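User: Could you take a close look at the ligand site for me, and then walk me outward from there? I would like one connected account that I can follow with the structure open beside me.

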Amino acid sequence: MTKTLVIGGYSDGDKADLSRTFDPLFLAGPEDLAGLDDAARADVTAVAYKGHKPFGAAQMDLLPNLGLIANYGVGYDAIDVDAADARQIKVTNTPDVLNDDVADIAVGMMLCQGREMMQASAWARSGNWAKNGEYRLNRKVTGSTVGILGLGRIGREIANRLAAFKMDIHYYARSEKDTPGWTYHSDPVKLAAAVDFLVVALVGGKDTEKFVSREVIAAMGPRGVLINISRGTTVDEAALLEALEAKKIAGAGLDVFLNEPDIDPRFYALENVVIQPHQGSGTVETRAAMAQLQRDNIAAFHAGEALLTAVN
Ligand code: NAP
């Protein structure tokens, strides 16, 4: 009973690393669990999980000897932790090792938004630069006002980068944090009204669903730009699309969406949106660090040692 069940889309390198350390059984997704026979399912004590499909009570109940779900990623909103608790199953994630890359993507989307780098590149490539002259003037990013919605591990990395851009930094969290003089708001609507750029770095899941509500989006105003690197669920996407289409806000930079990767096609028609395909942590270096931390948690579990990054 020491089998590690590996669920999700892993690279060949990750699969080789997992096979060197464990005796893994690979599945493409949680929907394939039911296809395993009783004996194979009873063998499983640990799951290495990657992906955003729900892993809840129904999946856990198919694995009677499961003791650990090790998630590949810091966001574990796909895993029902209450259901895991009820079954005395531990959950781990991969915090911190991805902070820098996700913060880089957030700042990159702000620069692309303000300086219209995607559109300007298309202008040059299409021959317009040579034919019609210089690209239109755009918007200064350095020195503007930014609100970080969720000053956690990633939110703080974003704020630290933006401090170097001489930005006036405001933030929301459930309690005031120790900061180098950043302005705290206990009300997300007031935060949105106070800033040019609103960057969402909240956890996903039920508790933060539509936290960026219609009211928050309205409070951003016509110069407001929304940047989201958290989860699609944290934003009222219908309200966001309406505001973008009606130009009630200036634009958005989005790495995360509802129904990824089949996102609402209305986003593709909007020139004022920078779209990233949920690639915040998607560098070779960071994905290797995430995979290593996931394996370290599984190894600790099998050895009966303390888990490195336990969630529950
Ligand atoms: P973290 O350190 O736990 O910070 C999360 C923030 O969310 C904190 O500021 C926390 O506020 C706030 N929060 C938690 N529950 C809340 C609630 N019920 N209501 C309001 N605020 C709440 O997490 P992190 O490591 O920075 O990661 C944040 C999220 O980024 C992850 O959960 C994941 O969804 C997302 N992410 C995305 C990518 C990507 O590729 N785009 C990559 C990695 C992570 P308090 O300070 O008040 O507790």
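Analyst: Happy to. In this predicted model, the ligand is surrounded by 29 residues, with R153, I154, R174, K177 and D255 as the closest of them. Sorted by character, that shell divides into 13 nonpolar, ten polar and six charged residues.

Let's go through some polar contacts of the ligand. At D255, an N or O atom of the side chain sits 2.8 Å from a nitrogen atom of the ligand. At I229, the partner is a polar backbone atom, 2.9 Å from a nitrogen atom of the ligand. V203 also takes part through its backbone: one of its polar backbone atoms is 3.3 Å from an oxygen atom of the ligand. As for how covered the ligand is, on its own it has 930 Å² of accessible area, and the protein covers 87% of that.

From D255 you can step into the loop between β11 (251-254) and β12 (273-275), which is where P261 is found. Look at the peptide bond that joins E260 and P261: this bond is cis, with omega about -5°.

The loop between β11 and β12 has a ring pair too. The model has six aromatic pairs in total. One of them is formed by F257 and F267, whose ring centres are 5.2 Å apart; their planes stand at 75°, so the pair counts as edge-to-face, a label that needs an angle over 60 degrees. Because both F257 and F267 lie in the loop between β11 and β12, the pair ties together parts that are ten residues apart in sequence. Both F257 and F267 are buried.

How do these places fit into the annotated domains? An unreviewed UniProt entry places "D-isomer specific 2-hydroxyacid dehydrogenase NAD-binding" at residues 107-280. That span is 33% helix and 16% strand, and its end C-alpha atoms lie 11 Å apart. The record also places a second domain feature, "D-isomer specific 2-hydroxyacid dehydrogenase catalytic", at residues 42-312, again from an unreviewed entry. Over residues 42-312 the chain is 36% helix and 15% strand, with 23 Å between the end C-alpha atoms.

Two backbone details are worth a visit while you have the model open. E116 has a positive phi of about 50° although it is not a glycine. You will find E116 in the loop between α5 (99-115) and α6 (117-125). Its relative accessibility is 15%, so E116 counts as buried, the cut-off being under 20%.

The other is Q88, also not a glycine, with a positive phi of about 55°. Q88 is in the loop between α4 (81-86) and β5 (90-92). Here the relative accessibility is 72%, and because exposed means over 50%, Q88 counts as exposed.

Finally, on the other side of α4 in the sequence, D80 is in the loop between β4 (68-71) and α4. D80 has 32% relative accessibility and therefore counts as partly exposed. Along the chain D80 and G56 are 24 residues apart, yet their C-alpha atoms are separated by 4.8 Å.

Conventions: Residues are numbered from 1 along each chain as its sequence is written. This is a predicted model: local features need pLDDT of at least 70, side-chain atom pairs count only at pLDDT 80 or more; totals for chains, interfaces and linings use all residues. Side-chain values use heavy atoms; hydrogens and water are left out. A residue is near a molecule or strand if one of its heavy atoms lies within 4 Å of it. A polar contact is a pair of N or O atoms within 3.5 Å; within protein, one must be able to donate a hydrogen and the other to accept it, and residues adjacent in sequence count only if both atoms are side-chain atoms. Accessible areas come from the Shrake-Rupley method with a 1.4 Å probe; for residues, only the protein chains shown count as cover. Ala, Val, Leu, Ile, Met, Phe, Trp, Tyr, Cys and Pro count as nonpolar, Asp, Glu, Lys and Arg as charged, and the others, Gly among them, as polar. UniProt positions are given in the numbering used here, feature names are shortened, and annotations may be inferred rather than shown by experiment. Helices (H or I, at least four residues) and strands (E, at least two) are DSSP runs, numbered from the N terminus. Buried means under 20% relative accessible area, exposed over 50%, partly exposed in between (1.4 Å probe, protein chains only). Rings of Phe, Tyr and Trp (its six-membered ring) pair if their centres lie within 6.5 Å; planes under 30 degrees apart count as stacked, over 60 as edge-to-face and the rest as tilted.
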